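Could you walk me through this protein, starting with the overall fold and then going into the details? I'd like to get a feel for how the parts fit together.

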Amino acid sequence: MKLYYSPGACSLSPHIVLREAGLAFELVLASTKTHQLADGTDYYGINPKGYVPLLELDDGQRLSEGPVIVQYIADQVPAQALVPPAGTMARYRVQEWLNFITSELHKGYGLMFNPSMPAEAKDLMRTRVGQRLTWVNQLLQGKSFLMGDGLTVADAYLFTVVNWSAHVALDTSALSNLTAYQARMAARPAVRAALKAEGLTP
């Protein structure tokens, strides 16, 4: 498989999941600014949406949208329990988290990264995302991961998105459960390997 990514972007989530799953894959850098690959290939010719992540399967099919990609990856190695079985309430709970993260957190952070967004709008989004994170912080009380003691694909996505906080001046230091959670995630071998491979850590 090939994972088209940009360092530190939301593609870090499926990157982490691929490493947690222990699957073989190739990383392909796709610039979110030039929309070109390292060899000059037009990324729009590969993914008309123009953004990452994109997962190219061994048979040539391509999957886009991070929450879908991570579930596909996890379903390839059910023994790893990175996502509960389809049709179970636990699976729907993971999908509930994935949807919350993509709609209530990811989009909010994305607006704060936009240089053309007025400062007042960024302040509004900072407050709104902060409120959502406060709620997440409360739900993490007494838990190692979002679903309890076991890591799921939703954790890779939450870690990735919350990791953007320092880049948008969003202070999460008072959210002790979330801060401890981020540290736990960052210490995982698969997460460390993904961050290093993307040039985000030495």
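Here is a tour from the overall fold down to single side chains.

First, keep in mind that this is a predicted model. Counting elements, you'll find 7 helices and 4 strands. Going along the sequence, their order is β-α-β-β-β-α-α-α-α-α-α. In overall dimensions, the C-alpha atoms fill a box of roughly 45 × 45 × 35 Å along the principal axes. The radius of gyration is 17 Å, and since a compact globule of 202 residues would come out near 17 Å, the two agree. As for the interior, 47% of the 202 residues count as buried. The chain also makes plenty of use of long-range contacts: of those between residues at least 6 apart in sequence, 63% join residues at least 24 apart.

A good place to zoom in is helix α2, residues 66-76. Its buried residues are Gly66, Pro67, Ile69, Val70, Gln71, Ile73 and Ala74. What lies over them? The cover includes two helices from further along, α3 and α5, together with α1 (12-21) and the strands β3 (54-56) and β4 (62-64).

Some of those helices turn up again around the largest pocket, which has a volume of about 930 Å³. It is lined by 29 residues, and the closest to its centre are Ala9, Cys10, Thr32, His106 and Trp164. Helices α2, α3 and α5 (153-162) each supply at least two residues of the lining. Of the elements involved, α3 gives the most, with 5 residues. Sorted by class, the lining has 14 nonpolar, 12 polar and 3 charged residues.

Helix α3 deserves a second look for its aromatic side chains. The whole structure has 6 aromatic pairs. One of them joins Trp97 to Phe100 in an edge-to-face arrangement, at 5.9 Å centre to centre and with 85° between the planes. Both residues sit in α3, which spans residues 89-113, and they are 3 residues apart, about one turn of the helix. Both are buried, too.

Trp97 has another partner, Trp135. Their rings are 5.6 Å apart centre to centre, and the 40° between the planes makes this pair tilted. This contact reaches across the chain, from Trp97 in α3 to Trp135 in α4 (residues 119-139), 38 residues apart. Is each of these two tryptophans buried, or partly exposed? Trp97 has a relative accessibility of 9%, so it counts as buried, while Trp135 is partly exposed because its relative accessible area is 39%. Taken together, the ring pairs link Trp97, Phe100 and Trp135 into a cluster.

Past α4, the last stop is Phe145, in the loop between α4 and α5. Is this loop residue buried or exposed? At 9% relative accessibility, it falls under the 20% cut-off and therefore counts as buried. Which residues surround it? Setting aside neighbours within four places in sequence, Phe145 is in contact with Leu140, Gly150, Leu151, Asp155, Tyr181, Met185 and Arg188. To see how the chain comes back to this spot, take Leu178: it is 33 residues from Phe145 in sequence, but the two C-alpha atoms are 10.0 Å apart in space.

How values were computed. Residues are numbered from 1 along each chain as its sequence is written. This is a predicted model: local features need pLDDT of at least 70, side-chain atom pairs count only at pLDDT 80 or more; totals for chains, interfaces and linings use all residues. Side-chain values use heavy atoms; hydrogens and water are left out. Rings of Phe, Tyr and Trp (its six-membered ring) pair if their centres lie within 6.5 Å; planes under 30 degrees apart count as stacked, over 60 as edge-to-face and the rest as tilted. Buried means under 20% relative accessible area, exposed over 50%, partly exposed in between (1.4 Å probe, protein chains only). On a 1 Å grid over the protein atoms alone, a cavity is a set of points where a 1.4 Å probe fits but cannot get out, and a pocket is an open set with protein on both sides within 12 Å along at least five of seven lines; lining residues have an atom within 4 Å of a point. Grid points are joined across faces, edges and corners, and a volume is the space filled by probe spheres set on the points. Ala, Val, Leu, Ile, Met, Phe, Trp, Tyr, Cys and Pro count as nonpolar, Asp, Glu, Lys and Arg as charged, and the others, Gly among them, as polar. Contact means heavy atoms within 4.5 Å. The radius of gyration is taken over C-alpha atoms; the globule rule is 2.2 Å times the number of residues to the power 0.38.
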